[in-house]
Amino acid sequence: MTNSPLTPGIAPARLPADRIAANFADHTAPLDRHEALVASDRCYFCHDAPCITACPTAIDIPLFIRQIATGTPESAATTIWTQNILGGMCARVCPTETLCEQACVREAAEGKPVEIGRLQRFATDTAMAKGLHPFTRAASTGKSVAVVGAGPAGLACAHRLAMHGHDVVVYERRAKAGGLNEYGIASYKSTGGFAQKEVDWLLQIGGITVKTGVELGRDVTLDGLLGSHDAVFLGIGLGGVNALRADGEDKAGVANAVDFIEELRQTSDLGTLAVGRDVVVIGGGMTAVDAAVQSKLLGAENVTIVYRRGQEKMSASAYEQEHATSAGVRIICNAAPVALHGNGAVREVEFGYMADTAEGLKASGETFRLKADQVFKAIGQTLTGAPDGATLAGGKIAGLPAGVWAGGDCTGGGEDLTVTAVAQGRDAAEEIHTFLLGVAG
C-alpha cells in the first residue's frame with residue numbers, strides 16, 4: 001500500500017514520483033532570448049542607477065542589461081562576473097525583490113521593476129552554456145593562501161586571488177565544495193546540479209586546489225596554516241543551530257531545518273525522503289520558509305510556520321512569505337514554543353501568544369496547541385569552530401591575528417546572504433593581494 005498526504009506519522013513517498021519531480025522543478029523559469037530582449041527594453045539605463053547601490057556586489061546593472069539588449073549576453077555575463085563571480089547562483093537565490101529590484105525606478109513608478117535577477121540568470125547561463133570563462137590568471141607570484149571553507153565567500157576569495165597569480169588551497173570540511181549554495185537552499189531554486197556546475201566553472205581559472213573532508217580545529221589549525229601559507233582567509237560559515245529552550249525538544253521527530261534541507265539537497269530520489277503529515281516549522285527566516293515549502297512539496301498534509309514576532313518582522317521577505325502561503329503553508333505569528341508533547345515522539349507543540357512591547361517580548365499567558373508529528377527548528381544558526389586568536393563580538397568573528405582575514409556568515413557587518421558573502425570574499429582577496437605584494441619574497 002502506497003503512502004499519501006494522509007498517512008500518519010513520518011513517511012516517504014507521500015506523492016507519486018512524477019508529482020514530486022514536477023514540484024521540485026525550476027521554481028522560476030529562465031527567460032528565453034526573446035523574453036530577455038523584451039525585459040531588457042524596460043530598463044531606463046539610469047546614469048546614477050539606484051539598483052547598483054542596492055547590490056551588495058555593486059554590479060553595473062544598467063550596463064549588463066544594455067549588453068543583453070544589444071544582443072551580447074556573453075559580454076553582459078563578463079560585466080556581472082567581474083563584480084560577482086557567483087552571479088549565476090545569485091541570480092537564482094538572491095532576494096532581488098528587497099535589493100536591486102526594490103530600488104529600480106520602474107518599481108517606484110509602476111510597481112513592477114525590471115526583472116534584473118532573471119536577466120542576470122539569462123546572461124550567465126548563456127555564457128556558461130558556451131563554456132566561456134572570461135578571466136585569465138596572472139603570472140605566478142609564488143605566494144600561497146589558505147582559504148578555509150568552500151562556500152560563497154571562500155570561493156569568491158579564491159577566484160580573485162588566483163586571478164592575481166597567487167596559489168590557493170581551499171580546505172572544506174564537507175564532501176563537496178559550494179557551502180550553502182550546495183547544501184543550504186531550497187532544491188527548486190537551484191535545479192540540475194547547478195551549484196556544482198558553477199564550482200567547476202569557477203575553478204577553470206586555475207591555481208586553486210580544493211581539499212574536502214578537512215576541518216579547521218580537527219585536521220588543521222590556524223597556526224599550522226599560517227606556517228605553511230602566506231595568508232589565510234576564513235569563510236567557515238555558521239555550523240551551530242540555536243535551541244528552542246522548550247521542554248521536550250529532544251523528542252523523536254524534532255530536527256534542525258538546516259539538516260533537513262541538506263538531506264533533501266543531497267538525496268537523489270526525493271521519494272525516499274520521509275516527511276510528516278503534520279509539520280510545524282519554528283522560525284521566521286529563509287530557512288524556515290525553505291523547510292516549510294519543501295515539506296509541502298513532498299506531500300505533507302498540513303505545514304505551519306510559527307514565528308514569535310509580527311509577520312512584518314520576519315526576516316524572510318514578503319515575496320518568500322507569499323510563496324510559502326501560495327504553496328499551502330500557514331503562517332502564525334506572535335507565538336513562541338512552550339513545550340513539545342508526546343510519548344517519546346512529538347505529537348503536539350504548545351505555543352504561548354507573545355506581545356512585542358517596548359520592553360521586549362512578553363508572554364500573554366494564553367496558549368494553544370498544534371498537532372505535529374515532525375517539527376523543524378529554524379531559529380537561527382551560531383558560530384562554531386572559531387580558531388584560537390579570533391576575537392568574537394555578537395557571536396561572530398570581529399578580529400583576527402595578522403595575516404588572517406574572514407568573510408561570509410561567520411562575520412558581522414551584513415546580511416547572511418550569498419551575495420553579501422561573495423562581496424566580502426572578493427574584497428578580502430583584494431586586501432590579501434595588497435598585503436602579499438608588500439611582503440618580501
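**Exercise 1. Classify Asp356 as buried, partly exposed or exposed, and describe its surroundings.**

Step 1. With a relative accessible area of 31%, Asp356 is partly exposed; buried means under 20% relative accessible area, exposed over 50%, and partly exposed in between, using a 1.4 Å probe and protein chains only. The model is predicted, so local features need pLDDT of at least 70 and side-chain atom pairs count only at pLDDT 80 or more, while totals for chains, interfaces and linings use all residues. Residues are numbered from 1 along each chain as its sequence is written, and side-chain values use heavy atoms, with hydrogens and water left out.

Step 2. Asp356 belongs to strand S13 (residues 348–357). Helices (H or I, at least four residues) and strands (E, at least two) are DSSP runs, numbered from the N terminus.

Step 3. Leaving aside residues up to four places away in sequence, Asp356 touches Arg309, Lys313 and Leu361; contact means heavy atoms within 4.5 Å.

Step 4. Between Asp356 and Arg308 the C-alpha to C-alpha distance is 8.7 Å, with their positions 48 residues apart in sequence.

**Exercise 2. Determine how strand S3 is placed and which strands it pairs with.**

Step 1. S3 covers residues 167–172, and five of its six residues are buried, so the strand is largely enclosed by the rest of the structure.

Step 2. Strand S2 (residues 144–148) runs parallel to S3 and is joined to it by five bridges; two strands pair if DSSP finds at least two bridges between them. In this pair, Val145 stands opposite Val168.

Step 3. Between S2 and S3 the chain passes through helix H10 (residues 152–163), a right-handed β-α-β crossover. Right-handed means that, with the strands pointing away from the viewer, the path from the first strand over the helix to the second runs clockwise.

Step 4. S3 also pairs with strand S4 (residues 208–212), again in the parallel sense over five bridges. Here Tyr171 stands opposite Lys211.

**Exercise 3. Find which residues of helix H12 are buried, and where they lie around its axis.**

Step 1. In H12 (residues 194–202), the buried residues are Phe194, Ala195, Glu198, Val199, Trp201 and Leu202.

Step 2. Viewed down the axis, these residues fall within an arc of 160°, so they line one face of the helix. The arc is that of the directions from the helix axis to the C-beta atoms.

**Exercise 4. Lay out the five-stranded sheet and the helices that pack on it.**

Step 1. The strand order of this open, parallel sheet is S7-S15-S9-S10-S11.

Step 2. S7 (254–256) and S11 (330–332) are at the edges, each with a single partner strand, so one side of each has no neighbour in the sheet.

Step 3. On average, neighbouring strands are turned by 25° against each other, direction ignored. Axes are lines fitted to C-alpha atoms, for helices over the stretch in contact, and angles run from 0 to 180 degrees between N-to-C directions.

Step 4. Five bridges link S9 (residues 278–282) and S10 (residues 302–306) in the parallel sense, with Val280 opposite Thr304.

Step 5. Helix H14 (residues 257–266) packs on the sheet, touching S7 and S15 (374–377), and its direction makes about 75° with that of S7. Helix H15 (residues 286–297) touches S9, S10 and S15, and its direction makes about 170° with that of S10.
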